[in-house]
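Let's take a walk through this structure together, one piece at a time. Have the sequence and the 3D view open as you read.

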Amino acid sequence: MAAAPPRPGGFVLFLHGSGGSGDESRAEVAPYFAAPELAASVRLSFPTAPTASIACYGCNLLCCFALWMLCKARDAVITAWFGITEVPITVKTVRDEKEVLKAVDYVHVLLDEEIASGTSPSDIFVCGLSQGGALAIASVLLYPKTLGGCVVFSGSVPLSKSFADKVWPEARKTPVLWFHGMADGLVLFEAGHVGCAFLEELGMICEFKAYPTLGHSMIDEELQYFQKWILNRLGICGATETARPSSSSQHKDLQ
């Protein structure tokens, strides 16, 4: 079977947080790439995770009212890429790595399909918020190609350091941009900071941007920088200002 002809432009895969949806992510992220000169050059994909019955641990009003509303039943049926063992997510949080790897396989299928369609790996960006960000970085670490980049919003590395020897040499060349709020009560700032440090131990380039008063949310300042970071790596300059969504979006993600 003949290879597909080269496909110009970039591809951004954005993974939502648990309890969210692809449509919600599209509403927040797509406006930053809506200008005509960008819409023709950057393709966006916002898949939705399957639903699962998630046992929530440690949920209470002191954590987050929206989180408590999701967890007030013993098991909450929500969208999730993999299981949630506890909240908040800390440096010591342990995930079911079999579930994480199953989700990683799903992302890899999407990446393989995009590359088979003619998109260069160097033009592909895997991005995500919170649990979606955790899945994004895990997927990049275990993918056998160097991609254009990975962007993590309020996420963490969901794999133990024992996976370091499974990280492809090509994957270590993928640059990472990591955003995290220092006031995040669901995925603690330290979890994100340690995650970025782990990537640097692997020899990866990880640009870490901390926001002192930001909680578990995405804000306009982050998304504007995210847009410019991707466009610069694609060699696209002169993006025009577009209508922005709400300056702050409070997420109910459980990680």
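Keep in mind that this is a predicted model. A good place to start is a pair of helices: α4 and α5 pack at an angle of about 70°, and their axes are 9 Å apart. That angle makes α4 roughly perpendicular to α5. If you zoom in on where they touch, you'll find V100, A103, V104, V107 and H108 on the α4 side, meeting L135, A138 and S139 on the α5 side. What kind of residues make up this contact of α4 with α5? Six are nonpolar, two are polar and none is charged.

Now stay with α5 for a moment, the helix that covers residues 131-141. How many of the residues of α5 are buried? The count is 11 of its 11, so this helix is mostly covered, with "buried" meaning under 20% relative accessible area. The run of buried residues includes Q131, G132 and G133, and also L141. So what does the covering? Helix α4 (97-116) is one of the elements involved, and α6 (189-201) is another. Strands take part too, among them β1 (10-15), β5 (124-129), β6 (149-153) and β7 (176-181).

Next, let's look at charges. Side chains of opposite charge can pair when their charged atoms come close. This structure holds four salt bridges. One of them brings us back to α4: E114 pairs with R7, with the closest N and O atoms 3.3 Å apart. These two come from distant parts of the chain, since E114 sits in helix α4 while R7 is in the segment before β1, 107 residues apart. E114 is buried, at a relative accessible area of 9%, whereas R7 is partly exposed, at 33%. There's a third partner as well: R7, R43 and E114 are linked in a network of salt bridges.

Another salt bridge joins the side chains of K161 and E201, at 3.7 Å from N to O. K161 lies in the loop between β6 and β7, and E201 belongs to helix α6, so the pair ties together parts that are 40 residues apart in sequence. Are these two buried or exposed? K161 counts as exposed, with 53% relative accessibility, and E201 is exposed with a relative accessible area of 58%. Then there's D165, which forms a salt bridge with K166, the closest N and O atoms being 3.9 Å apart. D165 is exposed at 63%, while K166 is partly exposed at 47%.

Last stop: the cysteines. A disulfide is a covalent bond between the sulfur atoms of two cysteines. The count here comes to one disulfide, and it joins C196 to C206, with an S to S distance of 2.2 Å. The torsion about that S-S bond is about -130°, so the disulfide is left-handed. C196 lies in helix α6 and C206 in strand β8 (residues 206-211), so the bond between them ties together parts that are 10 residues apart in sequence. Both C196 and C206 are buried.

What about C127? This cysteine is in no disulfide, and the nearest cysteine sulfur, in C150, is 6.6 Å away. Seen from the other side, the sulfur of C150 has C127 as its closest cysteine neighbour, but 6.6 Å is too far for a bond. C127 is buried, at 0% relative accessibility, and C150 is buried with a relative accessible area of 0%.

How values were computed. Residues numbered from 1 in each chain as written. Predicted model: local features only at pLDDT ≥ 70, side-chain atom pairs only at ≥ 80, totals over all residues. Heavy atoms only, no water. Buried < 20%, exposed > 50% of the residue type's maximum accessible area, 1.4 Å probe, protein only. Helix = DSSP H or I, 4+ residues; strand = E, 2+ residues; numbered from the N terminus. Contact = heavy atoms within 4.5 Å. Axes fitted to C-alpha atoms, helices over the stretch in contact; angles between N-to-C directions. Parallel < 35°, antiparallel > 145°, perpendicular 65-115°, else oblique. Nonpolar A, V, L, I, M, F, W, Y, C, P; charged D, E, K, R; others polar. Disulfide = S-S within 2.5 Å.
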